[in-house]
Amino acid sequence: MDTRAKASELTTTGLLLAVSLVLCFVGVLFPTFGTYLKYLIPGMMAVIKTKYGYRYLTAFSLALLILVAVFFGIEQMVTGLFFVIPIGFALALVYEDNSIKNHLFAVVIFAVTGVLLLVVVAGVLGIHYREVYQEAVERFVSTFGRVYEALGLERTELADMLHRLMWLVITLFGVVMGYITYFMNKVVYRKGLDILGRNAAFPS
């Protein structure tokens, strides 16, 4: 590889890193809606993998985690480590090869990230993960309780059921969030490769 090509790869990866940090900053500045912007980072990670390979993707991931920890704190870094980064690696896999095997592997990654994100982030905040889950259940029941009451299920019964199925609910939440990110980033991946001048196999 010549020096000019290598410099171009480093420059492009650095530019995508800068864009990712801007998305993180907007997410911190406007947590109501801005936090969802960081879910576009996995799409850029997939672009880096397809364009330059795992070496650049790994370097990008490490640099992103370090800079997020420095500028935005450990909590944001943990979210990146146990959600954004793993999903970025998973999307790179399924975007390049839309096979059942890769989707099954991605499902495992999504499920594990859901569990780790809850447990580790709660630990960083000094809160037991069951308290975090309890608060989430209360918000869910408060928001959707009337719907389930119309179906004949009392709010207390709904809350009890969610508590009994806690690990299943958390796992499914991780998978659902993973696939929401998967569909969100299809355009990011395709447009990113178009801009960088290289097309790749893409799931229809």
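In the predicted model, 41% of the 204 residues of the chain count as buried, where burial denotes a relative accessible area under 20%. The chain exposes about 11400 Å², and carbon and sulfur atoms supply 68% of this area. Along its principal axes, the C-alpha trace spans about 65 × 40 × 25 Å. The secondary structure consists of nine helices and zero strands, so that, by the numbering of helices from the N terminus, the elements of the chain run from α1 to α9 as α-α-α-α-α-α-α-α-α. Among contacts between residues at least 6 apart in sequence, 67% join residues at least 24 apart.

Analysis of the empty space around the atoms identified a largest pocket with a volume of about 1400 Å³. This pocket is lined by 36 residues, and those that lie nearest its centre are L117, V132, A136, R139 and F173. Two or more residues of the lining are given by each of α4 (74–96), α5 (100–124), α6 (129–150), α7 (155–164) and α8 (166–184). Of these elements, α6 gives the most to the lining of the largest pocket, with ten residues. With regard to chemical character, the lining of the largest pocket divides into 26 nonpolar, five polar and five charged residues.

The second largest pocket holds about 160 Å³ of space, and its lining is formed by T12, L15, L16, M44, V47, V188, K191, G192, I195 and L196. The elements that give two or more residues to this lining are α1 (3–29), α2 (41–52) and α9 (186–195), and α9 gives the most, with four residues. The lining of the second largest pocket divides into seven nonpolar residues, two polar residues and one charged residue. Because Lys counts as charged, whereas Thr and Gly count as polar, the charged residue of this lining is K191 and the two polar residues are T12 and G192.

Taken together, the two pockets draw on separately listed sets of helices: α4, α5, α6, α7 and α8 each give two or more residues to the lining of the largest pocket, while α1, α2 and α9 do so for the second largest pocket. The leading contributions come from α6 in the largest pocket and from α9 in the second largest pocket.

How values were computed: Residues are numbered from 1 along each chain as its sequence is written. This is a predicted model: local features need pLDDT of at least 70, side-chain atom pairs count only at pLDDT 80 or more; totals for chains, interfaces and linings use all residues. Side-chain values use heavy atoms; hydrogens and water are left out. On a 1 Å grid over the protein atoms alone, a cavity is a set of points where a 1.4 Å probe fits but cannot get out, and a pocket is an open set with protein on both sides within 12 Å along at least five of seven lines; lining residues have an atom within 4 Å of a point. Grid points are joined across faces, edges and corners, and a volume is the space filled by probe spheres set on the points. Buried means under 20% relative accessible area, exposed over 50%, partly exposed in between (1.4 Å probe, protein chains only). Contact means heavy atoms within 4.5 Å. Accessible areas come from the Shrake-Rupley method with a 1.4 Å probe; for residues, only the protein chains shown count as cover.
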